[in-house]
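Student: Could we go through this structure together and check what stands behind each label we give it?
Tutor: Gladly; let's take it one label at a time.

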Amino acid sequence: MRKIYIPRDTASVSIGADVVARKFADAGFTVVRTGSRGAAWLEVLVEIETPKGRIGYGPVQPRDVENLIQCDISNGEAHPLYLGPVEEIEYFQKQTRITFARAGVIDPLSVEDFLAHGGFQGLKKAAELGPKEIVKTVLDSGLRGRGGAGFPTGIKWQTALDASPKQKCEQKYVVCNADEGDGGTFSDRLLMESDPFALIEGMIICGYAIGATKGYIYLRSEYPLTKDILTTVIANGYRSGWLGKDIGGLGVDFDLELRIGAGAYICGEETSLLDSLEGKRGMVRAKPPLPAIAGLFGKPTIINNVITLASVPDIFVNGAQSYAAHGVARSRGTLPFQLAGNVKRGGLVEVPFGTTLRELIEGFGGGTYSGRPIKAVQVGGPLGSYLPPESLDVVLDYEAFDAIGGAIGHGGIVVFDDSADMGQQARFAFEFCELESCGKCTPCRIGSVRGKETIDKILAGENPHENLALLEDLFETMELGSLCAMGGLTPKPVRSLLKHFPQDFGEAVMCAKQGAEG
Amino acid sequence: MATNLDINPALQFVKDTCSVHGNAPEKLLEILHDIQNAKGYIPNIAYVAIANALNLSRAEVYGVVSFYHDFRQTPPAQKTIKLCMAEACQSVGARELRAELEAEFGVEIDIKIPDSEIEIGTVFCLGNCALGPAVLVGGQVYGRVDAQRVKDILKGDNA
């Protein structure tokens, strides 16, 4: 029986992976549904098992299947979709896969497959170390929060470990922030759909380290397939003894529950997420107190992003030094960047910090999907800056990128070609804030509306100089007066657009901006 | 013989749903999801019943329903499309696609027209950012769509 691997993640399924899989199954193949390796441009990437390893074909569309079956698929070098041994495909070979090492290789639903590929080895080592040593190891690895803020994970864990409960039996919590709302990002989704047990392993280690026996995954509702996968995986975890009491015979207890959001971008902000988990409106809380001290239901709570938690097991398998050996300056390890939007070879690219946007967009991405010149690149989601093509050589580490007014955020990179209207993107930045603001603080709630109106006036050529001055004022109010990053960072994309693309805001703005710089 | 004691089945469903979730106020989102999955929206009669079961005020329940984009207060059209309007899809023509779909189906995005068979809503990011434009129809994400493909999907021709 010929064994064939076909991905089942949102991206591959969105262009027909289920149909491709069914056709191969009908033709008598043994089909294994893996997650995805993340090369969206090669989807549907079909891999056939041969004595020489897995041979890839892609991108396979449902109508290609019959033809593939007719030719000798194990030996199909002449076939136009033939890609050769999958591991040798340049797009994958050039990456440093640590967090995503198993993605697309294993059956994500299977505990056995996870174990056969080194799964739960990190937990075993961590359980031998004990809480204090675990936190120290995470600190030594240099791991920083991958959700966007880049806060050192070890320091957060230390705070929760030190938070002495008022009563000895008091509950602490681990919450995984899987509300990946930034446009142009999908690494959390890909991890949860391709190697979900890695996330669970990271959460158990975190729980054991800080003394939490209960965890939640807060998943956004826009990921229906991810929800199905996680539901199955959690059930499989309990059935196999890798969730619940005395996990894996290691004396560690951890319960895990999946919760689904309801379409609010703001719930990706950690305190708003906590309110949502408590069944309330997702309103941002004032800090302090930090969630690590008073979080979910007022108890000490670690909230980490999916990628942060899924990066933890490797740190225990291969050691903190091995993880920290990757990267540059204060940005250690790897980051799964996501090439999105108008890019030819879009997908997930896990590389150490220190690479450049040019290497990612031109080297991996191959330029624009449309074939037209690049006009702008937005990095770090809706609250990140738009950069012109001249900025592509800056080194991608948290601090260096910050210095040029950018933000790496969650690692999303959206490419725009020269047909894009940057005035409309500026309007969208405010409109998005208007739609998604929780409404608690005035600068964000009202500022977003006024910002959109003011951009409209500028674009219509209405008193551009006065309105530009008004906008500068508004930026300052929002940046200094907002409770969280939603209002505080909305000016960031708009500022960058006015700076780099004044020509898209009318002649008056262009002259004003050139005058200011000249 | 029907008596005043007969409980409206929809109301009974709401009560049962709360009960399944232990009448726990922190499960309010889960309860609302379950009701909406079954009924298509959150009917008016649900507010008092949920408030009573969870020991919340009606205002608190309404506050949650109205805060989250997912929860609807009116029944959906027969067919609903969620079109991704986040940046990555914008960069590959989501704005143009929106205009085409609005013209094609005679509707406006995010506005429900009474008696319209179809309704198009906005969603910000389906996580399919390397294969945009993307739409969500019937719980399934589709990538690299154009107006023709959306029409095919609605007809049930998924391949």
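**Labels and the values behind them**

Tutor: Let's begin with Ser272(A), which sits in helix α12 of chain A, spanning residues 270-277. Keep in mind that we are reading a predicted model.

Student: Why is Ser272(A) called buried?

Tutor: Its relative accessible area is 0%, and the label applies under 20%, so Ser272(A) counts as buried.

Student: What is Ser272(A) in contact with, leaving aside its neighbours within four places in sequence?

Tutor: The partners are Ile266(A), Cys267(A), Gly282(A), Met283(A) and Val284(A). Gly282(A) deserves a second look: it is ten residues from Ser272(A) along the chain, and their C-alpha atoms are separated by 4.6 Å.

Student: What makes the pair Ser272(A) and Gly282(A) a polar contact?

Tutor: The side chain of Ser272(A) reaches the backbone oxygen of Gly282(A) at 2.9 Å. The cut-off for such a pair of N or O atoms is 3.5 Å, so this distance meets it.

Student: Let's try another one. Where does Thr226(A) lie, and why is it called buried?

Tutor: Thr226(A) belongs to helix α11 of chain A, residues 224-239. With a relative accessible area of 0% against a limit of 20%, Thr226(A) is buried. Beyond four places in sequence, Thr226(A) has contacts with Thr10(A), Arg189(A), Met192(A), Glu193(A) and Leu219(A).

Student: And in chain B, what makes Ala134(B) count as buried?

Tutor: Ala134(B) is in the loop between β2 (118-123) and β3 (135-137) of chain B. Its relative accessibility is 1%, and buried means under 20%, so the label holds for a loop residue here. Among the residues in contact with Ala134(B), outside its neighbours within four places in sequence, are Lys82(B), Cys84(B), Leu126(B) and Tyr142(B). Cys84(B) is 50 residues away along the chain, yet the two C-alpha atoms are separated by 5.7 Å.

Student: Which residues have the most contacts inside the largest nonpolar core?

Tutor: They are Phe24(A), Trp157(A), Ile50(B) and Tyr68(B), in a core of 183 residues. Helix α10 of chain A, residues 196-210, gives this core its largest share, ten residues. Ile50(B) touches several residues of chain B beyond four places in sequence, including Val14(B), Leu28(B) and Val61(B). There is also a second, separate core of 30 residues, with Leu42(A), Ile89(A), Leu339(A) and Leu360(A) among them.

Student: How much area do chain A and chain B bury between them?

Tutor: About 3,700 Å², with 58% of it on carbon and sulfur atoms. Ser14(A), Ala262(A) and Arg281(A) supply 15% of the area that chain A buries against chain B, more than any other three residues. The contact takes 59 residues from chain A and 40 residues from chain B.

Student: How many salt bridges and how many residue pairs in polar contact are counted between chain A and chain B?

Tutor: The salt bridge count is zero, while 24 residue pairs are in polar contact, both residues at pLDDT 80 or more. A salt bridge needs a side-chain nitrogen of Lys or Arg within 4 Å of a carboxyl oxygen of Asp or Glu, so the zero says that no pair counted between the chains meets that cut-off.

Student: Which element gives the most to the side of chain A that touches chain B?

Tutor: That is α17(A), with six residues. The residues on that side divide into 30 nonpolar, 19 polar and ten charged.

Notes:
Residues numbered from 1 in each chain as written. Chains lettered and ligands numbered in written order. Predicted model: local features only at pLDDT ≥ 70, side-chain atom pairs only at ≥ 80, totals over all residues. Heavy atoms only, no water. Helix = DSSP H or I, 4+ residues; strand = E, 2+ residues; numbered from the N terminus. Buried < 20%, exposed > 50% of the residue type's maximum accessible area, 1.4 Å probe, protein only. Contact = heavy atoms within 4.5 Å. Polar contact = N/O pair within 3.5 Å; in protein donor to acceptor, adjacent residues only side chain to side chain. Buried area = accessible area lost by both parts, 1.4 Å probe. Nonpolar A, V, L, I, M, F, W, Y, C, P; charged D, E, K, R; others polar. Core = buried A, V, L, I, M, F, W, Y, C linked by side-chain atoms within 4.5 Å.
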